[in-house]
Amino acid sequence: MTTASYMGYWGKAKKDPEQAGPEYHLLAYHSLDVAAVGWQLLNPDNKLCQELADFLQLQPAQLQSLFTFALAIHDLGKFTGAFQALKTFDTTDLHQFKVRRPYDGAKARHDMLGWALWRMAIDEDLDLLQLTGLSLAEAKIDKGLVTLFQTTWGHHGKPVQQGRNVELEDHLVDANIQHATEFIKDVASLFKPQWSAHFFTPEIQQRFRQISWHLAGIGILADWVGSDTCFFQYQKSAVSLADYWLVALDHAKLAVADTGLFDTFPVEPFSTFKQQFGFEPTPLQQWAAEVPIQNCPQLFVLEDVTGAGKTEAALTLTQRIMAADLADGFYFGLPSMATSNAMFKRILRHYHQMYQGNAPSIVLAHGARDMEQSFRDLFQTSAFSDADYLPDEPTATAVCHQWFADSRKKALLAPVGVGTLDQALLAVLPRRHQALRMIGLHRKVLIFDEVHAADEYMLVLLQDLLQLHARQGGSVILLTATLAERQRKELITRWLDVFGLTAPTESNNSFPLATQVGNQSVLQSALSSREDVCRQLQVVFLHSVAACLARVEAAVSLGQSIVWIRNSVADALTAYQLVSTQFPGQCLLFHSRFTLLDRQTTESSVLTILGKTSTVKERAGKIIITTQVFQESLDADADVMISDICPIDDLIQRAGRLHRHTRDTHGCYQSGIQDQRQKPVLYLHCPEFSESPDTNWLSAQFRNTELVYRSPGRLWLGLRVLMQHGAIRMPEDARLLIESVYGEKATHDIPEALQTAEQLHFGEIQRKTNKAMQQTIDWYQGYCADSHVCWGEDDSEISTRYSDMESVEVIVLKREESGQIILWAYDQQNALALSKLKLPKHQADKLQNFSESHSVKAEQLKAQFKQARFTRFWLAEDDQMFCYSTETGFSKK
């Protein structure tokens, strides 16, 4: 193969502090670097390549060659004169072109220009029939090739807009088209992609569009790894493509091995539950250890009371699925970041036993504390960083640094990850790097806890994710204490839809219940609960704040620990001010408006006071004033609990933290005993019940509660059933309580005065559902711009949760004694992430504008923390309206 004239074109530049001038890497060689990485990532011995090829009815080596060819021209747009003119070099070896329009990274990025060059090459003299060696119609070949190339042209994280227009043509000259055409031909000659007429048939093209999302994710990774100067040194002199390809393959093999992406970790066959965990199983756990694992994608829905051991049951199923070679890892998703730490610790204590020999590292999905990193810190040790093309168009290495600096994202590619459900749901939303998230979930068991906490908006996204994962051949485990029959049926129906099956009309409505859905059948097993979690909670109704305070005082006088759960941060702050004044040093406030650092510290304090191993001394007379964050996955145990009125499913979750652990008369934890404390009582802070309530029945005393929970009618239904029974009996009353509020007939029982609000609430539910459906991707279009009307940036607000109250992330600052302004968590690793505070936008907009009052310092911080360039900084102590403290978090002065 000859050395063509295009070999001298600039590909990228680096800044070397020890050299006077910049070095350059020839574009053709960078293209082969990336192609070589793709060649290794789609090694025919990898399960991913085998599964994708089998789906396309191709040989793995065929798929490898086709995709490598596409990767080799992923940067075709850099052949344009406008892009080449971004850098000037004092050498005659590199051509410079004068074009009508300068390079514009916003309107005509090089990925979009690659599409335009391809079309122009076709119009010139690029013979598609000769390129493929087939006798099919050119139109059919062209369409198939474009589908393939879209997976690599979108290597910057989202599909490129197709088209050829005058503006794009103004960025290049005729010589660029000629050289791009020569390069395509030479690459085709080098790789000799194994085309077949079968690949271009309508059936296989539809299948290819389905797996194009996976290839797009591999393309992003290949571009990142292929840009690592630790493995791919800059090449200044020209050699033939064939000679350089052999060098690139060697470097790529080392680079891919260094990522650890395809490291294998043999799984330990599951023996017995007692041997794996060291204690006797609950009925649910025994079922998880014995149910036959089908050789297909499976959905498990595990419904049992709080404390029944759903986490261990899920880990049991996960180990058995991995041992059957149906998965290579797992991701445990929780409803909020506040609950991730506790679950991380629980899984960390056990997951090593799931593997033979060395186990993969586990990644916690937020930048919270020191931890092992299973996906190594790619490129952090690179000798040099490529210079950004433009201020708003960073290079692949810069984007990679930023992406993996956020460990919430890194956890998706780690073999074992713990984080929020939101990080997984983002794989089904049109955001930059969505395909990378999708690749991270491939061949993983997805475990999602507290599924009942998802609202209608989130459930639509969850159902879309379930179908996506089923199509990938993956398995999902859903954990919940309370799930309406309607919701369970919807989840089963969406899963079976993937396989063209209809959900059974009859449904088992027992509780506890374990459901297994394969690709052909639905198995539902009624279970019993462990004896020590079967209990009756008396419900006592308190109708004033004064009555709640009296109950707090009584509990403290008896040396009991007490939790008061309020429905809003404002109400929690009010209660804390009242209680802490009366009991200084004994009260702790725990809500969502703390920086991540302080929230973790407070959470640790809560678990010290109320955790399983807490002592009598640590518990006695302690008061926790909190919000909904307390009910989500925290393994905490209160002696006494007061809860504001809330939806019945939330109330059951809250009650699960009352006498959660079995303790003796002294309050010390002991397993295998009946709890020896006084019988538990749940105190419900609520309005007086009335068969004929007024329209302001709830809002008169609980205004903030009605702002949070928009259906006073559903709260009235919950209060009615509790008044009728006077207690919560678990597990026998679980279905009765849920269906009395959420059943198909329940709506008709809502009093007339509350029906208007209920109709408004129903309309809001419909808006949530419609908005969620509008956000989801049209998978059957394949990886292309037409798959969604609006692809957003990775840091843009396409939320996984519906809210009519927009939230904003704020970075909290403070002033040292010396006067220097620093991050709130300046002395911590991941200081920026730990200094973040999420606030409602209407409050964030009223904060003192730090960028105006301290413009120089603001620019310094943005330069130091590039990932915070679009985030607000806030110096709390200078604000006239709001304040912040480690004790109370964010509040109004």
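Arg 872 is partly exposed in this predicted model, with a relative accessible area of 31%. Its partner deserves a look too: the side chains of Arg 872 and Asp 845 meet in a salt bridge, 2.7 Å from N to O. Asp 845 is likewise partly exposed, at 42% relative accessible area. Asp 845 sits in the loop between α32 (841-844) and α33 (850-853), while Arg 872 belongs to strand β21 (residues 872-875), so the pair ties together parts that are 27 residues apart in sequence.

Some salt bridges share partners. Arg 619, Asp 637, Asp 639, Arg 663, Asp 675 and Arg 677 are joined into one network in this way. In total, the structure holds 33 salt bridges. Side chains of opposite charge can pair when their charged atoms come close.

Here are three of the pairs side by side.

| Salt bridge | Closest N and O atoms |
|---|---|
| Asp 845 and Arg 872 | 2.7 Å |
| Glu 809 and Lys 836 | 3.5 Å |
| Glu 490 and Arg 486 | 3.7 Å |

Now take the second row, Glu 809 and Lys 836, whose closest N and O atoms are 3.5 Å apart. What does this pair tie together? Glu 809 lies in strand β18 (residues 807-815) and Lys 836 in strand β20 (residues 836-840), so the salt bridge links parts that are 27 residues apart in sequence. Glu 809 is partly exposed, with a relative accessible area of 30%.

The third row is a pair within one helix. Both Glu 490 and Arg 486 lie in helix α21 (residues 485-497), 4 residues apart, which is about one turn of the helix. Glu 490 counts as partly exposed, with a relative accessible area of 32%, and Arg 486 is also partly exposed, at 39%.

Next, the nonpolar interior. The largest nonpolar core has 123 residues, and those with the most contacts inside it are Trp 118 and Phe 448. Helix α10 gives the most to this core, with 12 residues. A second, separate core of 49 residues includes Ala 484, Ile 565, Ile 609 and Tyr 709.

Which residues does Phe 448 touch, leaving aside its neighbours within four places in sequence? Its contacts are Tyr 331, Gly 333, Leu 421, Ala 424, Leu 462, Leu 465, Val 476, Ile 477, Leu 478 and Leu 479.

Helix α7 offers a small geometric check. At 1.5 Å a residue, the 16 residues of α7 (residues 138-153) should span 22 Å, and its end C-alpha atoms are 21 Å apart, which agrees. Is this helix mostly covered or mostly open? It is mostly covered, with 12 of its 16 residues buried. Among the buried residues of α7 are Ile 141, Asp 142, Leu 145, Phe 149 and Trp 153. The buried residues of α7 pack against α3 (60-72), α5 (110-124), α6 (128-132) and α10 (202-225).

Finally, the protein as a whole. There are 34 helices and 23 strands in it. Of its 893 residues, 60% are buried. Among contacts with a separation of 6 or more, 75% are between residues 24 or more positions apart. The accessible surface of the protein comes to about 35100 Å², and carbon and sulfur atoms account for 48% of that area.

How values were computed: Residues are numbered from 1 along each chain as its sequence is written. This is a predicted model: local features need pLDDT of at least 70, side-chain atom pairs count only at pLDDT 80 or more; totals for chains, interfaces and linings use all residues. Side-chain values use heavy atoms; hydrogens and water are left out. Helices (H or I, at least four residues) and strands (E, at least two) are DSSP runs, numbered from the N terminus. The expected span of a helix is 1.5 Å times one less than its number of residues. Buried means under 20% relative accessible area, exposed over 50%, partly exposed in between (1.4 Å probe, protein chains only). Contact means heavy atoms within 4.5 Å. A nonpolar core is a set of buried Ala, Val, Leu, Ile, Met, Phe, Trp, Tyr and Cys residues joined through side-chain atoms within 4.5 Å. Accessible areas come from the Shrake-Rupley method with a 1.4 Å probe; for residues, only the protein chains shown count as cover. A salt bridge is a side-chain nitrogen of Lys or Arg within 4 Å of a carboxyl oxygen of Asp or Glu.
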